[in-house]
Amino acid sequence: MMLAKNLTICLINLGCAKNLVDSEVILGRLASSGYILYPEPEGADIIIINTCGFIEASRQESQKAIRLALKQKKLYPSKIIGVIGCYVEMAREQLAKLFPQIDFWLGVKELGSILEAIEGKKIKSSLSSFLYNDKMPRILSTPPVWAYLKIAEGCSHCCSFCTIPSIKGPYRSRSIASIVREAQNLVALGVKEINLISQDTTYFGRDRFKKPQLGRLLEEMIKIPRLRWIRWLYGLPEEVDDS
């Protein structure tokens with residue numbers, strides 16, 4: 001199925017700031033491919049819901065959003081509804097049985113295939129969760145002076161109370177060079193405050209260098225002219241070192 005690229009798309013983001021960054025990257029790819037971004041689902045040809053499945057309340061919120069989107073599809077059957085993200089990764093089969101009217105499902109390992117999914121093409125499989133880089137287009141949804149910057153994906157702490165490792169897989173750090181280039185791009189857009197995010201930001205770099213590299217990353221970032229503030233979340237106190 002080939003679609004006209006002047007179709008309107010509304011993306012509904014649910015969950016954490018890490019989800020928000022993924023949604024911004026998806027919006028960037030859609031806009032650069034000719035789709036028109038639209039703020040309300042009622043007027044959109046395509047509705048995409050980026051779900052959260054972390055706790056029961058978030059799963060219920062995701063289901064509510066799906067039901068509201070399907071009401072629009074009932075009124076306008078030509079609408080395309082896609083559901084993506086964490087909740088899909090952990091419960092795709094159950095969701096597909098509960099909502100058979102959905103046009104496509106993408107888990108966190110398939111987010112890079114959003115265009116293929118919309119256009120009915122073959123989805124590329126991956127062993128790892130989607131992790132963007134500085135070369136991918138991104139449309140910020142935060143106020144113009146600050147932005148999130150995701151430095152890693154997944155988590156290697158197997159806490160009994162947390163589902164993140166089972167959804168996202170082990171911790172995977174981006175390269176320092178890629179993060180710094182993205183920070184420079186954000187500052188060029190007028191961003192003055194950057195919030196570094198990952199599931200455990202104090203773990204950054206341990207998967208690549210066997211020891212945390214957050215201090216090294218911060219040393220590089222403070223060299224960026226006109227970057228006024230750097231914040232980071234989340235962190236574990238026992239992983240904060242002298243660097």
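Biologist: How do I read the way helix α6 passes helix α8, and which hand does the crossing have?

Modeller: Start with the general idea: two packed helices are described by the angle between their axes and the distance between the axes. In this predicted model, α6 passes α8 in a right-handed crossing. The axes of α6 (residues 176-188) and α8 (residues 214-221) come within 10 Å, and they cross at roughly 35 degrees.

Biologist: Which residues make that contact?

Modeller: On the α6 side, look for I176, I179, V180 and A183. On the α8 side, pick out R216, L217, E220 and M221. There's a handy idea for reading such lists: an α-helix has 3.6 residues a turn, so residues three or four places apart point the same way.

Biologist: Okay, on to sheets. What is the strand order in the sheet that holds β6?

Modeller: The general bit is that strands of a sheet pair through backbone hydrogen bonds, either parallel or antiparallel. Here, three strands make an open sheet, ordered β6-β9-β10, and the pairing is parallel. β6 and β10 are the edge strands with a single partner strand each, so one side of each is left without a neighbour in the sheet. From one strand to the next, the twist averages 25 degrees.

Biologist: How many bridges join β6 and β9?

Modeller: Five bridges, in the parallel sense, link β6 and β9 (residues 193-197). To find one of the bridges, start at A147 and go to its partner in β9, I194. Then bring the helices back in: α6 packs on this sheet, touching β6 and β9, and its direction makes about 165 degrees with that of β6. As for α8, it lies across β9 and β10 and runs at about 160 degrees to β9.

Biologist: And what is the strand order in the sheet of five strands?

Modeller: That open sheet reads β2-β1-β3-β4-β5, again with parallel pairing. β2 (36-37) and β5 (104-106) are at its edges with a single partner strand each, so one side of each lacks a neighbour in the sheet. Helix α1 (residues 17-32) packs on the sheet and touches β1, β2, β3 (46-51) and β4 (80-85), with its direction at about 175 degrees to that of β1. Strand β1 (residues 8-13) pairs with β2 over two bridges in the parallel sense, and I9 has L37 as its bridge partner in β2. Helix α3 (residues 86-98) lies across β3, β4 and β5, at about 125 degrees to β4.

Biologist: Let's stay with α3. Where does it bend?

Modeller: At R92, by about 95 degrees. You can also check its span: at 1.5 Å a residue, the 13 residues of α3 should cover 18 Å, and its end C-alpha atoms are 17 Å apart, which agrees.

Biologist: Which residues of α3 are buried?

Modeller: C86, Y87, V88, A91 and L95. Their cover includes α1, β3, α2 (56-75), β4, β5 and α5 (164-168).

Biologist: What about single residues: is G107 buried or exposed?

Modeller: Buried means under 20% relative accessible area. With a relative accessible area of 0%, G107 is buried. You'll find G107 in the loop between β5 and α4 (114-118). Beyond its sequence neighbours within four places, G107 is in contact with G85, V88, E89 and R92. G107 and S129 are 22 residues apart in sequence, and their C-alpha atoms are 8.4 Å apart in space.

Biologist: Which residues does K150 contact, leaving aside neighbours within four places in sequence?

Modeller: K18, V21, D22, Y132, R174 and I197. K150 sits in strand β6 (residues 146-150) and counts as buried, at 0% relative accessibility. Now take D22 from that list: D22 lies in helix α1 and is buried too, with a relative accessible area of 3%. Apart from neighbours within four places, D22 touches N50, L111, F130, K150 and E153.

Biologist: Last one, the backbone. What is phi of K210?

Modeller: Near 70 degrees, a positive value in a residue other than glycine. K210 is in the loop between α7 (206-209) and α8, and counts as exposed at 71% relative accessibility. R226 also has a positive phi of about 70 degrees without being a glycine. R226 belongs to the loop between α8 and β10, and is exposed at 59% relative accessibility. One more stop: the peptide bond from L233 to Y234 is cis, with omega near 0 degrees, and Y234 is in the segment after β10 (229-233).

Terms used:
Residues are numbered from 1 along each chain as its sequence is written. This is a predicted model: local features need pLDDT of at least 70, side-chain atom pairs count only at pLDDT 80 or more; totals for chains, interfaces and linings use all residues. Side-chain values use heavy atoms; hydrogens and water are left out. Two strands pair if DSSP finds at least two bridges between them. Helices (H or I, at least four residues) and strands (E, at least two) are DSSP runs, numbered from the N terminus. Contact means heavy atoms within 4.5 Å. Axes are lines fitted to C-alpha atoms, for helices over the stretch in contact, and angles run from 0 to 180 degrees between N-to-C directions. Buried means under 20% relative accessible area, exposed over 50%, partly exposed in between (1.4 Å probe, protein chains only). The expected span of a helix is 1.5 Å times one less than its number of residues. The bend at a residue is the angle between axes fitted to the seven residues ending there and the seven starting there. A crossing is left-handed if the near helix is turned anticlockwise from the far one by less than a right angle, and right-handed if clockwise.
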